[in-house]
Structures are given as C-alpha cells and as structure tokens.
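Open the model in your viewer and colour it by secondary structure. The stops below run from the whole chain down to single residues.

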Amino acid sequence: MESIAHLISAIANFAWGPIMIVLLVGTGFILTVGTRIIQFRKLGTAFKLLFSKDECDDGDISAFQALMTSLAATIGTGNIAGVATAISVGGPGSIFWMWVTAAVGGATKYGEAVLAIKYRITNEKGEKSGGPMYYASMGMEDQYGGNWKWLGWIFAFFGVVASFGIGNMVQANSVASSLNTSLGLPYFVSGIIIAVCTALVIIGGIKSIGSVTEKMVPTMSIIYVIGALIILFTKASMIPTAFSLIFSNAFTGSAVGGGLVGTVIRMGVARGVFSNEAGLGSAPIAHAASTTNDPIRQGIIGSLGSFLDTILVCTMTALVILVSGLVNIGKDGLMVVQDNLTGASLTTTAFSQSLPGFGAFIVSFGLIFFAFSTILGWYYYGSKCLEYIAGIKAVEVYKWFWVLLCFIGCIAKLNLVWDLSDAFNGLMAIPNLVALIGLSPMIFRMTKEYEKKQKQLS
C-alpha cells in the first residue's frame, strides 16, 4: 500500500509540477496572442451575452446556467483555502501570479467553449454531449486526419477517476467537517443529508443541475464578496499596503524563507489553475449543453469563468487576509504568519477577526454551499465522460453510485483518495492541451471570421 501511495504521489507531483504549469500557462498565452486578448477585448460583450437570450433553442440549458454550472465546479475550496495556502507558503506575491494565470486562462476557457459547441453531439436521450473527449477526437481528425478517438478516451478516463474524489468524496468530506465544526452535526448524519440532497438534484439531469446552480452559485458568491467588501471598506487605509506586498514580493520572493522566487511563482500559478481549472478541460463539458449554435458566442461567455473565479473571488479572499494583520513581513524580509495558520483556517480567522461571529459564518457556510455545488457540477462532468467511454446506459448506474459515494466521503478517511483524484485531475490537462494547441489555428480562424462578420453587420 505504501508503494502505491508513493506512486500516486509521484504522479500528482508531475500533474501539478513545473512542466504542466508551463504547458497550462503557455497554452493560455498562445491563445491570448492568437485571439488578440479576446478575454479582455470582449469582457463587456461577455456580460451582455450572458443575460441575453439566444434565438436558438438547440441545447439543454441557458448560457447563464452553463456558466454557473462550470463555476459551481470551480468556485469553492480553491478560492477560500487555496488562496490562503498560496499566501502562507508562497507569500503575498503568489497572488500576482494567480492573476497572471487567470489573465491568460480566460483565453483558454474561450477556446475550450468554442470547440465544445462546434464538436458537441446529441445523444440517445436528445441531450447535448460535448467537451474535450469530443473535440480531441473529432476536431483533431478534421484538422489532421487519422483516428484520434484514443485521445478523447484518455481524457474521459482521467475525468471519471478524478470525479470520484475531487468532485465527490473530498467535497462531501469538507461539507461534513464544516457542519460538524459549526453545528456539531455527526458525520454520518451529514452524509445522509448530502446524499439525499444530491440525489434530488441530479435525478433531473442537467436541467435540474443548471436550475440549482444558477441560484446557488451567484447567491453564495455575492454574500461572500459583500462580506469581503465590508471588511475592506472598514480597513480601506490598509489596502494600498496589501497591493504593495503583492507586487513587491511577486518578483523578489523575500516573503518566502529569504528568496525563492520560483516558489512564489509556482504556488501562485498552481493555486490559480486549481481554482479556475483553465486548461483542465472540465468547464467546456458544461458549456456544450448551452442553448446556442454559435461557438464564438459561447466562447466569449466562457472566458468570464477565470475573471469571476480568480480575479474577483480569489482577490477578495487575498485582500481580506492581507489587511487582517495575520500576515506580516519582518525587517529581515521574512514572512511571519500568525500561529502558522494556513488553508481554510487562515481565511476563517481573517474573516472572523474583522467581522466577529458573522465572518466565520460566511466562510464556513460558503465552504459548505460551494462544496455542494461542486458535487453537482462534477457529477455532470463525470457522467458525460463515462457516457463517452461506456454509453448512456452506464450513466444510470453511475448516478446512484455517485449518491452512495457522497455518504462514504463523509465518514471515510480520504488521504489516498485525495492524492489519486488530485493526480488524475491534473492529468486531464494533457489530452485537453494537446487538442487546444492542435486546434488553435481553427480557433483563430473562427474568431477572425466572426469578428469580420460582426464588423460588416455594424
């Protein structure tokens, strides 16, 4: 068992290591240049399209529901615990590199959503199915010929394995732990509640999931951001110092044991990718279900994911921590974190100190609802990956197995499960990045044609 654990750990280190980080950010940079920074040029258009109805009825959920479903699977522990971990290990400068990751990640999400719509199919139930498993096989075949189904199959396999842990049991365990800490609820009781609630939602398929996430994700995000803004308003005089720490330590590394700039960059980029999942290939599975036949339209909407997840929510968390006084840089240039706090405990302490009582409530229940929404979003991802591998009938079995795993996740120790799912979650990026880079000329061509047409119409 120990040798298996070492093997899984080695795979996880590679999946989230320097090589993969360079590939993820590099792909985002290539797509950013090739689309002429479309994620920023079309930011205003993205918000307009998000709330406008497409005349096409070909799809399962609205564009807004598709984005919220994708955000349901990303906004969560990465925004609350991940940001705190990045600061406590990499220093305040790591937040700058999270921003860099999100900046280029918007183009990655744009490209993923464009291809998701272009290469989606209609399954036996009349529902849309799409994502990297389809554009990695069909798209690469269109572009280069030959049989590329194996590439889509690899992505789907990694996606199914990752879904069990990072999308289910790990999230259920986080919810149970928060409920036990905040309300004293026994773990098995939490398990029953989570399993029942999950079953009630996923039994209705993507329409039911989209209906829940379009309400849950914005509500919890708004509450969390408002709580953060209240704190920042009361400590407005400290915000310039917080930004100064972020920018100065991004290049000096003085916050990290005296000078490992590489640690600052690696922590920021790794936590940024973990938070917004740009390049991992999960979000386009949700975007493929949107009611539109216009790939560019959905791509522009999809590019909002990194902005909302990392630039908005993660920045709020970072600033609250940095104005709390819990993180300080000494005269010797070394960073000191009060009581060696890290992860969710650092974020919770920062909120509770600035908003006594209510602050801790925001973080604790934010984690609960964000984690539950992640369970819903990842169920859809895993089911579509399994559908690609084994057909639609296998999804019915998967559905009830998913509900059972929610209960097991609440009562079991998950060290090995976490490492395994973390490794496969990172490995999902490999076939997705191969497809994105291989199909980037197509993405650039489609973008140019769309903008040329829009210019003629105006």
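Start with the whole protein chain, shaded by accessibility: buried residues make up 59% of its 458 residues. Keep in mind that this is a predicted model. Switch to cartoon, and the chain shows 22 helices and 4 strands. The radius of gyration is 21 Å, close to the 23 Å that the globule rule gives for 458 residues, so the chain is as compact as a globular protein of that length. Draw a box along the principal axes: the C-alpha atoms fill roughly 60 × 50 × 45 Å. Now turn on contacts. Among those with a separation of 6 or more, 84% join residues 24 or more positions apart.

Next, select residues 18-34, helix H2, together with residues 440-457, helix H22. How do their axes cross? They come within 10 Å of each other, at roughly 30°. Angles under 35 degrees count as roughly parallel, so H2 runs roughly parallel to H22. The crossing of H2 and H22 is right-handed.

Show side chains at this contact. From H2, pick Ile30, Leu31 and Gly34; they meet Ser440, Ile443 and Phe444 of H22. Colour the contact of H2 with H22 by class: 4 residues are nonpolar, 2 are polar and none is charged.

Stay with H2 and step into the loop that leads to helix H3 (38-41), where Arg36 lies. Check the backbone there: Arg36 has a positive phi of about 55°, although it is not a glycine. Its relative accessibility is 49%, so Arg36 counts as partly exposed. Ile37 lies in the loop between H2 and H3 too. Ile37 also has a positive phi, about 45°, and is not a glycine either. At 41% relative accessibility, Ile37 counts as partly exposed.

Move to helix H8, residues 132-144. Which residues of H8 are buried? Select Pro132, Met133, Tyr134, Tyr135, Ala136, Ser137, Gly139 and Met140. Then go to Gly145, which follows H8 and has a positive phi, near 75°.

Last stop: Lys413. Find it in the loop between helix H19 (393-411) and helix H20 (415-427). Is Lys413 buried or exposed? Lys413 has 84% relative accessibility, so it counts as exposed. Now add Met169 to the selection and draw a C-alpha to C-alpha distance. Lys413 and Met169 are 9.8 Å apart in space, with their positions 244 residues apart in sequence.

Terms used. Residues are numbered from 1 along each chain as its sequence is written. This is a predicted model: local features need pLDDT of at least 70, side-chain atom pairs count only at pLDDT 80 or more; totals for chains, interfaces and linings use all residues. Side-chain values use heavy atoms; hydrogens and water are left out. Axes are lines fitted to C-alpha atoms, for helices over the stretch in contact, and angles run from 0 to 180 degrees between N-to-C directions. Helices (H or I, at least four residues) and strands (E, at least two) are DSSP runs, numbered from the N terminus. Angles under 35 degrees count as roughly parallel, over 145 as roughly antiparallel, 65 to 115 as roughly perpendicular and the rest as oblique. A crossing is left-handed if the near helix is turned anticlockwise from the far one by less than a right angle, and right-handed if clockwise. Contact means heavy atoms within 4.5 Å. Ala, Val, Leu, Ile, Met, Phe, Trp, Tyr, Cys and Pro count as nonpolar, Asp, Glu, Lys and Arg as charged, and the others, Gly among them, as polar. The radius of gyration is taken over C-alpha atoms; the globule rule is 2.2 Å times the number of residues to the power 0.38. Buried means under 20% relative accessible area, exposed over 50%, partly exposed in between (1.4 Å probe, protein chains only).
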